[in-house]
Structures are given as C-alpha cells and as structure tokens.
Protein chains: 2
Amino acid sequence: MFSKNCLEGVKMPTISDVARKAGLSVSTVSRVINKKPHVSQQKETLVKAAMKELGYKPMPAARQLRGTKAKNLAVTVPRITNPFFADLINVIERTLDSKGYTIILIQTFGRKDKELDALKLLTNQTIDGVILCSIENDAPVIQEYSKYGSIVLVNEYLGELDLPTIRANQYQGFKEATGFLIQRGYKNIAYATGHKNIIVTKKEGTNLNSNRFSGFQAALREAKMSFDPKMLFTHVQTRDAGLKLFNKLFKENKMPDAIISGSDEVAVGIMEGAKEVGVEVPKRLGVLGIDDQSLSRDLFIPLTTVRQPVEEMGAAAAKAMLQHLEDKDVVENKVFNLDLVVRESV
Amino acid sequence: MFSKNCLEGVKMPTISDVARKAGLSVSTVSRVINKKPHVSQQKETLVKAAMKELGYKPMPAARQLRGTKAKNLAVTVPRITNPFFADLINVIERTLDSKGYTIILIQTFGRKDKELDALKLLTNQTIDGVILCSIENDAPVIQEYSKYGSIVLVNEYLGELDLPTIRANQYQGFKEATGFLIQRGYKNIAYATGHKNIIVTKKEGTNLNSNRFSGFQAALREAKMSFDPKMLFTHVQTRDAGLKLFNKLFKENKMPDAIISGSDEVAVGIMEGAKEVGVEVPKRLGVLGIDDQSLSRDLFIPLTTVRQPVEEMGAAAAKAMLQHLEDKDVVENKVFNLDLVVRESV
DNA sequence: CTGAAAGCGCTTACAG
DNA sequence: CTGAAAGCGCTTACAG
C-alpha cells in the first residue's frame, strides 16, 4: 500500500489512501473527519472502517495550511524550576489538555526575545494563543500581537493592556502583610523584588511590581514610618540571590530587622544565610516569603508568606483562554485576594 | 498589500508577496530562505530586503507539508510539579532551544494513553522526536514508534529497548544507600516506590524499578538480613502519599525503623507524619529520600538522600537527542553514578 | 543563476 | 448525498 522509506521511517496513510480503500472520494472522507453534514450513514461507516484499518490520522500541518486551527497553545514562564510556575503550568496544562490543546512550553529567563519568540508563533499560526505568566516586553508590542491570536495574562499584568487578565490583588496583599510585620514590631523593613526596577504608581491595577510596592508603602505610611530607598533591592530572584543579598547586608553591617522577599525561593536563601552566621529568625530578622509553595511549611523555619492562589489563577487563566479563543469579545478580568499565611519566620 | 480580516486578525505575507516585492520568482526566494546555492549576491540582497520590509516568516505548516522537519520535540514527564522533573525539563529545554527546537510539554500523570499521545505526534510529523522521562507503555509499543522519529529515554529505562538511553546506576546507588542504613543500625527497613509494581530481575540495566530493588536486596543479603514483603509499598509518589503511608504504618502499629522512600517528596510526607505524632527522625525512624531536590537540605530535618544527577542527565539526554536526530545510527547509552548525600534524616 | 510548474495532504466552494 | 477541482504556502526537480 504505502512503501517504507529506509531513512525516514514509514510513510503514513493519507486521506487519499483512505478514500481509495473505502471506494469513495476524498471529499466524503474529509466530511466524516470533520463531522460535516451530508454524508449517508452507510458511507460514514465505510470511511470509518477504512480509517481504522489504515490507522489513519489527518496530518495537522496540511489542515493548518487550509486554515484549520492548530490547537496548540504556548505558555511562557520565567523559569520552570520555580515551583510557583511549575504549579501554574500544571493546572493550565491539565485543563487545556482536556479540551484537546497541546501545550508548548517556553521559558523566558526574563528575556524579551524569548517572549517575542512565543508571540511570533502566533503570526505563523503555529499556535492559537499564548498564556503569559510573566511580562517581559512593553505593553504596545504585546498588544500588537493580539491581532494574530489570543493572549491572556496570568499573575503579572499591565494596566494599559486590553487583554484577558487573571491576577491577584497585590496591593491589598502587600499592605496587609506589611501591616503584620509592623504590628509584630519590625521597624526597619527591607524590600527585595525579582524585577529589574519598580515604576511606582499608586493606581491599583497598574502592574504587579508597582502595586506590591505601593501596598508596602501604604502600610508604612499608615504607621507613620518611612522607607529608606537604600533598603530596596531589585533583581533578586533565586535562592542563591537571596543568600547573596543576606551576605552583602551582613558584611556591610546594614542588616534591617525584616525583609520582604519577592518569593519563597529568595526567602529560603536569606534564611540560609542567617543560619550560617547565627542571625536568629524571626527574632533578629523577620523574613516574609511570597508564594506559599508547597515545601514552605516544611522548611527548617516554616515560612510566613503571602499565599498566591496558584491553582485558582491557573484554572481561571485556562478558562479565560478557552473563552477568548471562542469569542474574541469576551475579555475576562479576574482579581483574586491574597492571604497571609502565618508561620514562624516573622 | 494584504488585507485585514476583522475576525481573525491579520493575514501574513507569503512567499509570493516577497517574490512580487523583490521582482523575482518564488523559487529564488525559497533558495535564499533555505540557504541553497545558485543565487547571485545581488538577488539575495533584494530578497532579504523584501523579506525584512514585509516582516516575512515562512509558515512552518507549509514547509512541513513539503517534508521539512518540524523542529519540534516533545518531552514527557509524570508530573511537572515534582522538582526533579522540572529540573530535568529545564536543562533539556535550555540546550534544545539553543538549537532552534521548540518543546512540547506532556504530563502523563502515569497514564499510558497520555504517553501514547506524545508518541503519536511522531507519526504525523508534528514532532521530530520525543524524550521520555518516564516509561508508561511496554517496550514493544515504544519501540514501534521509533520508526517515525527519534525517541530517547532519560532516567527510566528498559533493557529490551534499543534506544538512546541516559540513566543512572540505580543498582549501585541503592545498594550503597541501603548499606549505609544498615551500618547505621537500622534493622527493619521498609521500601516504598512510586511504581505500581516491581518486576524483580537481578540483571543490571533491566529497568530502574527492578534495579533499585535488587540493589536494596543485595545490600540486605550481604548483611545477612532478610526483607519482609509486607514492608514493600508501591504506588507511593507524592508528599501526601508519604504522609498517608506513615499514618497507616503508625495506626497499624507496624512501624519499621527506616523507610526508603521513592523520592524526596514522599520522604517529606513521611517526616511530616512522624513529626505530627512525635516519632523522632532519625532516632526512631530513618528516612531516606531519593533525588536531592534543591530544598531537601532546607527542610525541618535536612534530608539524607540519593542524589540523582539531574542536570547531567538532562544535558546528556538533550545531546543524545540531537545526535540521533542527525544520525539514526548513533544510539548513545550513558550511565551515571549515584551519590549518597548524608544529612540528618538517617 | 533563474523561473514555471508540480505536488505535499488537506478543506471548501461548486456542480450535479 | 457525493465527487472533481482549486488552492492553502511552501520546496524541489526540471528546463533554460
């Protein structure tokens, strides 16, 4: 029937093979593949039998060429090794997979060009949409690509972007968490973030970065406390970076009495540094994590942290994508609340 | 030039658009796209200018239809939320991405059909190859699919499979680790595995599962100790499952004095259970993890564990895939040694 | 060195 | 209800 090719394996049956075997035209076969009307019960049975016998599967590339949706979706994350993002991807993939979508994973490592690569897959119809779990490029360039397919934002957000967005109320969360630190008596609170810089705007909904910091500052203001800009540290994103930050602070003798770290990972690094030199947590140094990843409760000092509702956000993002794929006019915007999980590091 | 379509975004320029703009034929444009010889410097410049001006990108689907490789690779893992697999994917993606491959992520959740889905992507040329980070199906069915593309195995392996395989010497690792437990005085050692069952063969290289268990038994034998089959627990794969296992053992009053858990995740669950009811680790219960994931040293009881060289294995797997993609005849087989990381849980 | 034409595997009007 | 034919965007012999 179809011949072997010694170099490249085996040639798969095509729609013509099926038609021939069924004694029908390719049009008819195509109709049953696509569940279109106007095909008699009898022929349908014939076609299905032929497909089964041949083990026929339509070739996605050929269908795409004719305009059929690829049923592929990309998901971008900074790093998959951060459990927060692994969890996010897990829910997203689970719910999207059940709808027949295949997930293309793209780690950006914080690079604009990697994110652009993902976005560009939209233009050549490789993917139908992309879920951005972090934002590297500026609003206008991202918005531009939404012409080519569905884009939904999870976790990070940008006020200027008119795109489905699933996020948490970072302002509220950080205000509460900072309030808690103050209430526990911490006076000199450092602030570390994974971002490269912070553009401060008071408006809620501007971006994660800015809203977190404003929440932090609002709590300070209410307590009539001021913030020393030297206690702001950017681009701290890993356990290692947390450790380095602690060591720097310790060496330069500028130790604050509490640190709000940008993630649980960073918090672990800080606590590790503290342990090494005998700085007691939470007594001499309060450490606040962000994320509440699953092992945070099992650390040598159980972490007090701001829980991000990762399951809920991931599921909502997947749903928002599905909806937007069906109807470009529905742009879902959902804001979750953040909870403080009190354990022992603060 | 090319008109907007209000429903579906924008129509991208095609190779014909480029040809028209450059005042040349599509053949010539195709030649420069594919860096084929026989095109004058002059025309090449013309074509490149036209491509740039139009923002032209060849459509992958159309190229695939003509037999060009998709440059897509799938990676299967049981669950991305297990840091061991997140780490594995991370290295794999990093090295493959740098060669221009796009990664399709597939979580199997231990299901055969999910793994088959991945394998089937080979048949319709959606992907050029798949890296299996665990094995769900039987050897013959997997081998069958190797006709359609490159398959490489990492971590798990099957002796019968004639495929590039990157793995660790589980026999040696488990023998050493068990020897260490014995030396520390543990006498009644339970054995938990994530797998559904264990087919025991003595031969090294049969499969991960079997080799781990034989290593364990070999150490027992050398110490003239015997193993109570009731102390074998299968299908224990998460932190939760570890916790449940502990509770069951505790309730039924069958507590061993040590447990070899199938992963660090499971070990954490066991230690959690022990903490809750006041069973001292490692004094009354030794807990051995497997993996050495990054937070294992930071747990409330730093975990003694068998380190799997995840970075090295991932990189080797990616390299093996690249090689096999280029030349089907080179089937790389690499075996890494396992190290015991001694901390405080044993 | 360059171009016209066939064809990859599909879907979709268009006839009948 | 069914089929012949055109065409999606490419690449690749085949001429010249």
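Student: How many nonpolar, polar and charged residues does the surface near DNA strand C have?

Tutor: A residue is near a strand if one of its heavy atoms lies within 4 Å of it. For the classes, Ala, Val, Leu, Ile, Met, Phe, Trp, Tyr, Cys and Pro count as nonpolar, Asp, Glu, Lys and Arg as charged, and the others, Gly among them, as polar. In this predicted model, the surface near DNA strand C has nine nonpolar, 10 polar and eight charged residues. Residues are numbered from 1 along each chain as its sequence is written, and chains are lettered from A in the order in which they are written. Local features need pLDDT of at least 70, side-chain atom pairs count only at pLDDT 80 or more, totals for chains, interfaces and linings use all residues, and side-chain values use heavy atoms, without hydrogens and water.

Student: Which residues come nearest to DNA strand C?

Tutor: Of the 27 residues around the strand, these are Arg66(A), Ser27(B), Arg31(B), Lys43(B) and Arg66(B). Sugar or phosphate accounts for 57% of the atoms of DNA strand C within 4 Å of the protein, and bases for the rest.

Student: Which elements supply at least two residues each to that surface?

Tutor: Helices are DSSP runs of H or I with at least four residues, and strands are E runs of at least two, numbered from the N terminus. Here the elements are helix H2 (26–33) and helix H4 (60–65) of chain A, together with helix H2 (26–33) of chain B.

Student: What lies close to the phosphate oxygens of DNA strand C?

Tutor: A polar contact is a pair of N or O atoms within 3.5 Å. A polar side-chain atom of Asn34(A) is 3.0 Å from one phosphate oxygen. A side-chain N or O atom of His38(B) lies 2.8 Å from a phosphate oxygen, and a backbone N or O atom of Ser40(B) is also 2.8 Å from one.

Student: Which residues are closest to DNA strand D?

Tutor: They are Ser27(A), Arg31(A), Lys43(A), Arg66(A) and Arg66(B), out of 27 that surround DNA strand D. A polar side-chain atom of His38(A) lies 2.7 Å from a phosphate oxygen of this strand, and a polar backbone atom of Ile15(B) is 2.7 Å from one.

Student: What does the UniProt record list for residues 13–67 of chain A?

Tutor: The unreviewed UniProt entry lists "domain: HTH lacI-type" there; such annotations may be inferred rather than shown by experiment. Over these residues the chain is 65% helix and 0% strand, with end C-alpha atoms 21 Å apart.

How values were computed: Polar contact = N/O pair within 3.5 Å; in protein donor to acceptor, adjacent residues only side chain to side chain.
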